[in-house]
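This report covers backbone geometry, strand pairing and charged side chains. Please keep the sequence and the model open while reading.

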Amino acid sequence: MATPSVEKLIIIGSGPAGWSAATYAARAQLQPLVYEGAITEKNRMSGTLPLGQLALTSEVENYAGFPHGDLGAFLDSALPAARRQMMAPHAGEGVTGPELMELMRQQAVNFGTRVVTDDILSVDFSKRPFMVQPADGPAVHAQCVIVATGASANWLGLPSEERFKNRGVSACAVCDGALPRFRNRELVVVGGGDSAVEEATYLTKFASTVHLVHRRDALRASKIMAQRAHDDPKIKIHFNTALAEVLGDDGHGVTGVRLESTTEQGKDETIDVAGVFLAIGHTPNTSFLAGQLELTPKKYIVWKKHFRTDTSVEGVFAAGDVADDYYRQAISAAGTGCMSALDAERWLAGHGV
Ligand code: NAP
């Protein structure tokens with residue numbers, strides 16, 4: 001049997017961490033091979049389509065180097081026409097998440113990164129070369145692997161939430177908010193963090209009222225974002241409130257929600273809404289690792305050395321939100337992506353590759 005060819009470096013994941021790692025690795029002539037994820041309905045529902053969580057956001061106001069301005073002409077010049085045409089026209093404001101991700105992807109490709117649009121279903125890190133198993137096609141072997149698979153949106157786990165997924169229940173306002181079913185209707189967003197405020201603010205473009213439902217008495221969101229929610233006349237905040245049930249029927253999908261107070265004194269209520277958007281945090285995408293790397297109790301990959309991206313397996317590095325439950329910013333993910341490529345380059349050089 002022919003010996004399979006061995007890649008120097010495989011990068012799994014296509015968010016800011018993955019592309020930043022790929023750009024550095026490609027410039028270091030490691031010829032990285034990136035598995036960017038598959039374009040499937042399952043990945044759409046779980047928020048794990050290629051280009052990661054930023055592809056599910058609108059304007060990105062806090063990525064250094066992208067102040068508000070008209071990027072339209074730059075995007076036209078920097079991206080291939082085929083990929084540019086798949087994106088919304090530039091709105092004339094700051095950079096959007098999808099635009100930023102396309103730019104990062106293109107930058108990695110420009111330096112020779114090869115990209116496969118597929119998921120990795122399993123890995124074998126017990127011996128070198130390491131093995132990764134794509135969904136479509138034979139296993140691939142590599143001397144070194146960077147895991148940058150990010151995290152995906154959490155759901156509450158209510159049976160009624162499951163029943164109305166795709167029929168009024170969503171975990172991505174930017175993906176689904178503009179659908180006709182939500183236009184000029186009342187909507188609910190669940191959560192109290194930056195994502196919940198961002199989703200609620202985005203939905204005010206379409207909705208008549210957005211009910212922001214949060215289980216505690218104060219938002220967790222950053223001050224500027226929280227102030228935005230408080231100041232927006234279209235956002236009504238329900239503190240100390242939990243979503244108990246999504247109401248609806250097969251014909252209409254979501255028609256309302258039953259809200260429960262989280263305090264003794266509060267009252268339960270039912271409101272008519274056409275949509276429910278969950279923004280209650282994220283879970284790292286580590287299940288495909290099947291316990292082969294050390295994980296935290298919350299299933300994030302453990303970085304084993306201080307200020308390095310080494311995992312519990314020598315030659316396997318981790319970058320971005322899959323290993324970071326603290327900062328979780330696009331720019332910190334890109335930063336650790338860069339670090340992981342430098343760590344991989346030095347590790348490979350130390351092993352004569
Ligand atoms: P997050 O900060 O972890 O907030 C999650 C929210 O969901 C919290 O308010 C939490 O309530 C609530 N929650 C969690 N589980 C719940 C449950 N079972 N039922 C009801 N509510 C529940 O997550 P995030 O908002 O997705 O933000 C993640 C990170 O990304 C943060 O670092 C954030 O700053 C960043 N981010 C930044 C921006 C931006 O700057 N533009 C935008 C989006 C996200 P408690 O408050 O009670 O815990």
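## Unusual backbone angles

K299 is found in the loop between β16 (282-284) and β17. In this predicted model, K299 has a positive phi of about 75° although it is not a glycine. K299 is partly exposed, because its relative accessible area is 48% and the partly exposed class runs between the cut-offs of under 20% for buried and over 50% for exposed.

Q31 also has a positive phi, about 45°, and is not a glycine. Q31 sits in the loop between α1 (16-27) and β2 (33-35). With a relative accessible area of 41%, Q31 is partly exposed. Most residues other than glycine have a negative phi, and most peptide bonds are trans.

## A cis peptide bond in a hairpin

The peptide bond from R128 to P129 is cis, and its omega is near -5°. P129 belongs to the loop between β4 and β5.

Strands β4 and β5 form a hairpin, with five residues between them. β4 covers residues 120-124 and β5 covers residues 130-134; the two run antiparallel and are joined by four bridges. Within this pairing, D124 of the hairpin stands opposite M131 in β5.

## The parallel sheet

Which strands make up the open sheet, and in what order? The sheet has five strands, arranged β8-β15-β9-β10-β11, and their pairing is parallel. β8 (169-170) and β11 (235-238) are the edge strands, each pairing on one side only.

At one of these edges, β10 (residues 209-213) is joined to β11 by four bridges, and the two strands run parallel. V213 stands opposite H238 in β11.

## Antiparallel strands around R258

β12 (residues 241-249) and β13 (residues 253-261) run antiparallel and are joined by eight bridges. The two strands form a hairpin with three residues between them. β13 is also joined to β14 (residues 269-272), again antiparallel, through four bridges.

R258 can be followed across both pairings. E245 stands opposite R258 in β13, while T270 is the bridge partner of R258 in β14. The side chain of R258 meets that of E260 in a salt bridge, with an N to O distance of 3.3 Å. Both side chains belong to partly exposed residues: the relative accessible area of E260 is 34%, and R258 has 30% relative accessibility.

## Salt bridges between distant parts of the chain

How many salt bridges does the structure hold? There are 14. Side chains of opposite charge can pair when their charged atoms come close.

One of the salt bridges is formed by the side chains of D176 and R44, at 3.4 Å from N to O. This pair links distant parts of the chain: D176 is in helix α7 (residues 173-176), R44 is in helix α2 (residues 41-46), and the two are 132 residues apart. D176 counts as buried because its relative accessible area is 13%, below the cut-off of 20%. R44, at 32% relative accessibility, is partly exposed. The pair belongs to a network of salt bridges that links E41, R44 and D176.

Another salt bridge joins the side chains of R228 and E61, at 3.4 Å from N to O. R228 lies in helix α9 (residues 223-231) and E61 in the loop between α2 and α3 (72-78), so this salt bridge ties together parts that are 167 residues apart in sequence. Both residues are partly exposed: R228 has a relative accessible area of 32%, and E61 has one of 48%.

## A positive surface patch

Which residues form the positive surface patch? R215, R216, R220, K298 and R328 do. R328 is found in the loop between β17 (316-318) and α10 (330-350).

Is R328 buried or partly exposed? R328 has a relative accessible area of 45% and is therefore partly exposed. This value fits its place in the patch, because patch residues need over 30% relative accessible area and no salt bridge.

Conventions
Residues numbered from 1 in each chain as written. Predicted model: local features only at pLDDT ≥ 70, side-chain atom pairs only at ≥ 80, totals over all residues. Heavy atoms only, no water. Patch = residues over 30% accessible without salt bridge, like charges linked within 9 Å, V, L, I, M, F, W, Y side chains within 5 Å. Areas by Shrake-Rupley, 256 points an atom, 1.4 Å probe, with all protein chains shown as cover. Salt bridge = Lys/Arg side-chain N within 4 Å of Asp/Glu carboxyl O. Lys, Arg positive; Asp, Glu negative; His and termini not counted. Charge placed at Lys NZ, Arg CZ, Asp CG, Glu CD. Buried < 20%, exposed > 50% of the residue type's maximum accessible area, 1.4 Å probe, protein only. Pairing = 2+ DSSP bridges.
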